[in-house]
Amino acid sequence: MTKVPKYWNKAKIKLSRKDPVLRKIIKKFNTGFLKTRNDPFFSICRTIVGQQISTKAADSIWLKFEKKCKNKINPKNVLKLSSSSLRNAGLS
């Protein structure tokens, strides 16, 4: 069984304070946690892309997104991308 990430409870508290919609969701689904493949930022990016459309389309968008980030998904590289660059990758 996978252990709860160290940041999990602190993240739930911060998100609950900042966002009333997330507060309700966190309260309703208080058990369990998200698992990361690599690091939390990479995982949230992958999740956002995966929710865009079908899995096959999401995989295609992900490959374009990775390429625009020079195959290194991290906050610094993502912040360098313009809105139009993200749209060209298939993100809305």
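## Predicted six-helix chain

Val-21 lies in helix H2; helices (H or I, at least four residues) and strands (E, at least two) are DSSP runs, numbered from the N terminus. The model is predicted, so local features need pLDDT of at least 70 and side-chain atom pairs count only at pLDDT 80 or more, while totals for chains, interfaces and linings use all residues. Residues are numbered from 1 along each chain as its sequence is written, and side-chain values use heavy atoms, with hydrogens and water left out.

**Overall layout**

The chain holds six helices and zero strands, so that the order of elements from the N terminus reads α-α-α-α-α-α. Taken along the principal axes, its C-alpha atoms fill a box of roughly 35 × 30 × 25 Å. Of the 92 residues, 25% count as buried. Here buried means under 20% relative accessible area, exposed over 50%, and partly exposed in between (1.4 Å probe, protein chains only). The accessible surface of the chain is about 7,600 Å², and carbon and sulfur atoms account for 58% of that surface. Such areas come from the Shrake-Rupley method with a 1.4 Å probe, and for residues only the protein chains shown count as cover. Among contacts (heavy atoms within 4.5 Å) between residues at least 6 apart in sequence, 45% join residues at least 24 apart.

**The nonpolar patch**

Leu-15, Val-21, Leu-22, Ile-25 and Phe-29 make a nonpolar surface patch of about 450 Å². Patches are made of residues with over 30% relative accessible area and no salt bridge; like charges are joined within 9 Å, and nonpolar side chains (Val, Leu, Ile, Met, Phe, Trp, Tyr) within 5 Å. A salt bridge is a side-chain nitrogen of Lys or Arg within 4 Å of a carboxyl oxygen of Asp or Glu.

Helix H2 (residues 20–28) gives the most to this patch, with three residues. One of the patch residues, Val-21, is exposed at a relative accessible area of 56%. Leu-15 belongs to helix H1 (residues 8–18) and is partly exposed, at 41%. Leaving aside residues up to four places away in sequence, Leu-15 touches Leu-22 and Ile-26. Leu-15 and Ile-26 are eleven residues apart in sequence, and their C-alpha atoms are 8.7 Å apart in space. For Ile-25, another patch residue, the C-alpha separation from Pro-40 is 19 Å, with their positions 15 residues apart along the chain.

**Helices H3 and H4**

Pro-40 is placed in helix H3 and is partly exposed, with a relative accessible area of 42%. The buried residues of H3 are Phe-42, Ser-43, Cys-45, Arg-46 and Val-49. Viewed down the axis of H3, these buried residues fall within an arc of 160°, so they line one face of the helix. The arc is that of the directions from the helix axis to the C-beta atoms. The cover over the buried residues of H3 includes H4 and H5.

Helix H4 (residues 55–68) has 14 residues and reaches 20 Å from its first C-alpha to its last, close to the 20 Å expected at 1.5 Å a residue; the expected span is 1.5 Å times one less than the number of residues. In H4, Ala-58, Ile-61, Trp-62 and Phe-65 are buried. Down the axis of H4 its buried residues fall within an arc of 110°, so they too line one face of the helix. They pack against helix H3 (40–50), helix H5 (75–80) and helix H6 (83–88). On the face of H4 turned away from its buried side are the exposed residues Lys-56, Leu-63 and Lys-67.

**The loop after H4**

Just after H4, Lys-70 takes a positive phi of about 55°, although Lys-70 is not a glycine. Asn-71 is likewise a residue other than glycine with a positive phi, near 60°. Most residues other than glycine have a negative phi, and most peptide bonds are trans. The table sets out the two residues.

| Residue | Place | Phi | Relative accessible area |
|---|---|---|---|
| Lys-70 | loop between H4 and H5 | about 55° | 70%, exposed |
| Asn-71 | loop between H4 and H5 | near 60° | 62%, exposed |
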